[in-house]
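These are my notes from a first reading of a structure that was new to me. I kept them in the order in which I looked things up.

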Amino acid sequence: MTIRVAVADDQALVRVGFCGIIAATPGLSVVGEAGNGVEAVAVAQQAKPDVILMDVRMPVMDGIEAARRITASTDVRVLILTTFDLDEYVFAALRAGASGFLLKDTLPADLLSAIRVVAAGDALLAPSVTRRLIGEFTRTAAAQPSPPCVAASCATVSSRLKQLLTEREREVLELVAQGMSNAEIADQLVISPATAKTHVAHLLTKLDARDRIQLVILAYQSGLASTAQLGRPAGAAHLSTGGAHLSTGQCAKWPR
């Protein structure tokens, strides 16, 4: 199947360059362009691409707010592109529901690979980065007690998780929550990488999760995983991601 891609960047030359690379690649097609965040939201809603490449700094509406609106109203996956390698952009992009984060100086081959990864439903974050983000999210969550109504809701999440998942799937979810890749999960559980990938795919479907990052948050919110398993990774802000718009003290949506 052809992966449909849109490009949002306020610099025309950059936009044309990305579109040219994508259009020249078999299996990919360009279905829309945008020069600012408002146009990006409109393109996402009208053209319905599989992935939209989103610049951070754009006029009228920045890429972070555009990503937030797109993930809240569509199934389009957002891949953030920026020239700034700063934690604050990573955290802001994830809080807005983005599925990936890439620097603009990335090689064309890596850009194309990133598009395919995000289109396939995976989050474009290395396990080491995931661990850092998880650690900071859970550290912040632990420091801020939840209201009784939220705590009760999270208890319901834990109950539903136990009902929906098999014992093996719960084991896999716990390892995903530690930031492990499919290969690492396979080694840990002495199973094949293909089997590990299948278990993760089942988790995404059963828990109605956008990507692995949402699985991570669900595991911590349900109590299946804890910060004790991670040590004390460093970070700069709490993590929130996906269509459920997770943040400290909130629970994810669950299939009815």
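The entries below go from the whole chain to the sheet, the cores, two helices and a few backbone angles.

**Entry 1: the chain as a whole**

I noted before anything else that I was working with a predicted model. I then looked up the secondary structure, and the chain turned out to hold eleven helices and five strands. Of its 256 residues, 50% are buried. I also looked at how far along the sequence the contacts reach: among those between residues at least 6 apart, 69% join residues at least 24 apart.

**Entry 2: the sheet**

In which order do the five strands lie in the sheet? I read the order as β2-β1-β3-β4-β5, in an open sheet with parallel pairing. The edges are formed by β2 (28-34) and β5 (100-103), each of which pairs on one side only. From one strand to the next, the twist averages 25°.

I went on to the individual pairings. Strand β1, residues 3-8, is joined to β3 in the parallel sense over four bridges, and within this pair I found A8 opposite M54 of β3. The helix α2 packs on the sheet, where it touches β1, β2 and β3, and its direction makes about 135° with that of β2. On the β4 side, β3 and β4 pair in the parallel sense over five bridges, and the bridge partner of I52 there is V78 in β4.

**Entry 3: strand β4**

I asked how many of the residues of β4 are buried. The count is six of its six residues, so I wrote the strand down as mostly covered, buried being under 20% relative accessible area. Both faces of β4 are covered, with R77, L79 and L81 on one side and V78, I80 and T82 on the other.

I followed I80 further, since I wanted a list of its contacts beyond its neighbours within four places in sequence; among them are M54, V56, I64, A67, F101 and L102.

**Entry 4: two nonpolar cores**

Nonpolar side chains tend to be buried together in soluble globular proteins, and I looked for such groups here. The largest nonpolar core has 29 residues, and those with the most contacts inside it are I52, M54, I70, V78 and I80. At least two residues of this core come from each of β1, α2, β3, α3 (63-73), β4 (77-82) and α4 (87-95). A second core, separate from that one, has 22 residues, including V200, L204, A209 and A219.

**Entry 5: helix α10**

I looked up α10 next and found 14 residues, with a reach of 20 Å from the first C-alpha to the last, close to the 20 Å expected at 1.5 Å a residue. Its buried residues are A196, H199, V200, L203 and L204. Why do they lie on the same side of α10? They cover an arc of only 140° around the axis, and therefore fall on the same side of the helix. The face turned away from that buried side carries the exposed residues A194, K197 and T205. As for what the buried residues meet, I found that they pack against α8 (167-176), α9 and α11 (212-222).

**Entry 6: helix α11**

For α11 I noted that eleven of its eleven residues are buried, which makes this helix mostly covered. The buried residues include polar names such as R212 and Q214 as well as I213, L215 and V216. Just after α11, G223 takes a positive phi of about 90°.

**Entry 7: positive phi angles**

I closed by looking for residues with a positive phi, given that most residues other than glycine have a negative one. K48, which is not a glycine, has a positive phi of about 50°; K48 is found in the loop between α2 (37-47) and β3 (51-55). Is K48 buried or exposed? K48 is exposed, with a relative accessible area of 55%.

V190 is another residue other than glycine with a positive phi, near 55°, and its place is in the loop between α9 (182-189) and α10 (193-206). V190 is exposed as well, with a relative accessible area of 73%. My last note concerns D208, which follows α10 and whose phi is positive, near 55°.

Definitions and conventions
Residues numbered from 1 in each chain as written. Predicted model: local features only at pLDDT ≥ 70, side-chain atom pairs only at ≥ 80, totals over all residues. Heavy atoms only, no water. Buried < 20%, exposed > 50% of the residue type's maximum accessible area, 1.4 Å probe, protein only. Pairing = 2+ DSSP bridges. Axes fitted to C-alpha atoms, helices over the stretch in contact; angles between N-to-C directions. Contact = heavy atoms within 4.5 Å. Core = buried A, V, L, I, M, F, W, Y, C linked by side-chain atoms within 4.5 Å. Expected span 1.5 Å × (residues − 1). Arc of directions from axis to C-beta.
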